[in-house]
Structure formats: C-alpha cells, structure tokens
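Open the model in your viewer and keep the selection box handy. We will go from stop to stop, and at each one you will hear what to pick and what to look for.

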Amino acid sequence: MNRKFVAKSNFVLRRVLNSEDNIDILKEFIEVILDIKIKEAQINPYLEKRKNNLPAEENFGIADLRIKTNENEELNIGIQIIDGEHILTKMFLYYAQIYSNQLEYDDNREIAKTITINILDFIFTKETKYHSRMVLKEKEIEDTVKDYLEMHILELPKFAMKIRKEMNLKEAWMNYLRGDNIEEAIKKSKKIEKLDDILKKYWREEVME
C-alpha cells in the first residue's frame, strides 16, 4: 500500500479529505470505483462533529457522503481501509454505522441506499478479480428484486497492471493506492495529484505525539 497513508491510514485520510475543499477527490474516486457519474456530493458532518466522543468501535472510516447521481438517485457512501482481524465483521459494522449516520443530517431527507467501499491490503476473498461486489437482496412482491445492501471490496494485492501504453482512470487510482507507478498515476489524474500534494504537506507538518 502507498506509504503516504499506510500509518493510521483511515485517520490520516479522514483528516485530509473531510472538507469541502477536497470533496472533488472523493467524488472522482467514488465515480471510478462505482462506475457512476455524480451530480452533487455532500460530506456527512457526523464524524467530524462527534470525533471527540466517538466510541472506539465507531472511530474508523475515511469518509461518509451523501451523493446524487446524474440519474438523480441518492446514495449514502462510506469509504474505509481495513486491516487486522475480523474483516467481515468490520465491514458489516462500518456499513451499519454509515447507514445509521444518515439520521444525523437534520434536514428531513429520506433514508437512501447505502454503499461502502472497503480497501484491503491483503487477499480476503476467493475471487480472482481485485474488485468484488457483495450484495444482499430482498425478494419483493411480484418476484421483483432490489439491492438492499451493497459493499465493494478492493483487494490491492490482486491488482496487476498489464503493461500497455496508457492506464485508465480506475487503474491510476489502484496504482496510487498500491503505491505503484505513482508518477504515472499522478499524470493521469489531477485529483490524484492534488491528494498526493496534500499528503506530502500533511506528513511534512505532522507532529509526533
């Protein structure tokens, strides 16, 4: 994984990304991972507002956003890096946190479908592909089926960049997360370049406690 955010990875990225100035970085990342186009994005203020009072089991995750797609679908999105043990438990606990955080908006909006993006620096699933989608489905009347829960899993060790002339935007983000071909990834995306500059500044100014 990229060494610029491997230490306390969720904490560092939460510190540098949870601001309106940097929501464009989160927006591009979500768009390329979920293959959607975002019309509006807003950071849920829950974590920042309660950061000094959060119990340990809730004090994780990088970002919590409410987005509206170009098709006017509203989604609640959470992003986290996972390590250690009890991985599946952490995924479900985080999903529950991001889903319930919607109640903190205080603007009478309806509860939206929640999607989480989970970044792993190790192999977890039996899938050969690096990007997996976990969905629980609810059977409804007339045999219609809708997604009820959706979690995306990015397993960084499984990503292998095939040698070719140019990487696409998703590959640029995966390379940057892995810490591979960083300069090429930065050339591909102004948002990745912006994030890299922010992280460099953060670590220059970081004071060890």
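The expected span of a helix is 1.5 Å times one less than its number of residues. Keep that in mind for the first stop, and remember that this is a predicted model.

**The whole chain**

Start with a cartoon view of everything. The protein chain has 7 helices and 6 strands, and along the sequence they run in the pattern α-α-β-α-β-β-α-β-β-β-α-α-α. Buried residues account for 44% of the 209 residues. Among the contacts with a separation of 6 or more, 62% come from residues 24 or more positions apart.

**Stop 1: helix α2**

Select residues 23–34, which form helix α2. Its 12 residues reach 16 Å from the first C-alpha to the last, close to the 16 Å expected. Is α2 mostly enclosed or open? Turn on a surface for the other residues: 10 of the 12 residues of α2 are buried, so the helix is largely enclosed by the rest of the structure. The buried set is I23, I25, L26, E28, F29, I30, E31, V32, I33 and L34, and you may like to note that E28 and E31 are in that list. Now step past the end of the helix to D35, which follows α2 and has a positive phi, near 55 degrees.

**Stop 2: the largest nonpolar core**

In soluble globular proteins, nonpolar side chains tend to be buried together. Here, the largest nonpolar core has 43 residues. Which residues have the most contacts inside this core? Show F29, I30, I79 and L195 as sticks, for these are the ones. The largest share of the core, 8 residues, comes from α2.

Centre on I30 and display its surroundings. Leaving out residues up to four places away in sequence, I30 touches D35, I36, I38, L65, I67, I77, I79 and I117.

**Stop 3: strands β3 and β4**

Two of those neighbours lead to the next selection. Pick residues 74–82 for strand β3 and residues 113–120 for strand β4. The two strands pair in the parallel sense over 8 bridges, and I79 stands opposite I117 in β4. Of the 8 residues of β4, 7 are buried, so this strand is largely enclosed by the rest of the structure.

**Stop 4: W173**

Next, select W173, found in helix α5 (residues 169–178). With 3% relative accessibility, W173 counts as buried. Which residues does it touch, not counting those up to four places away in sequence? Its contacts are I25, E28, F29, V32, S189, K191, I192 and L195. F29 and L195 were also on show at the core stop. For a distance label, join the C-alpha atoms of W173 and K188: they are 15 residues apart along the chain and separated by 9.2 Å.

**Stop 5: H131 and S132**

Move to strand β5 (residues 131–139), where H131 is placed. H131 is buried, with a relative accessible area of 16%. Turn on polar contacts: the side chains of H131 and H152 are joined by one of 2.8 Å, and the side chain of H131 makes another, of 2.7 Å, with the side chain of K170. Beyond four places in sequence, H131 touches I33, H152, I153, L154 and K170; I33 is one of the buried residues of α2.

S132 also lies in β5 and is buried, at a relative accessible area of 7%. Apart from neighbours within four places in sequence, S132 is in contact with T125, E127, M151, H152, I153 and E155.

**Stop 6: an aromatic pair in α4**

A search of the whole structure finds 4 aromatic pairs. For one of them, select Y95 and Y99: the ring centres are 6.4 Å apart and the planes meet at 15 degrees, so the pair is stacked. Both residues belong to helix α4 (residues 87–100), and because they are 4 residues apart there, about one helical turn separates them. An α-helix has 3.6 residues a turn, so residues three or four places apart point the same way.

Is each ring's residue buried or partly exposed? Y95 is buried, with a relative accessible area of 8%, whereas Y99 counts as partly exposed at 37%.

**Last stop: back to the cores**

Return to the largest nonpolar core and its 43 residues. A second, separate core of 8 residues includes I87, M91, Y95 and L149.

Note on methods. Residues numbered from 1 in each chain as written. Predicted model: local features only at pLDDT ≥ 70, side-chain atom pairs only at ≥ 80, totals over all residues. Heavy atoms only, no water. Buried < 20%, exposed > 50% of the residue type's maximum accessible area, 1.4 Å probe, protein only. Pairing = 2+ DSSP bridges. Phe/Tyr/Trp six-rings, centres within 6.5 Å; stacked < 30°, edge-to-face > 60°. Core = buried A, V, L, I, M, F, W, Y, C linked by side-chain atoms within 4.5 Å. Contact = heavy atoms within 4.5 Å. Polar contact = N/O pair within 3.5 Å; in protein donor to acceptor, adjacent residues only side chain to side chain.
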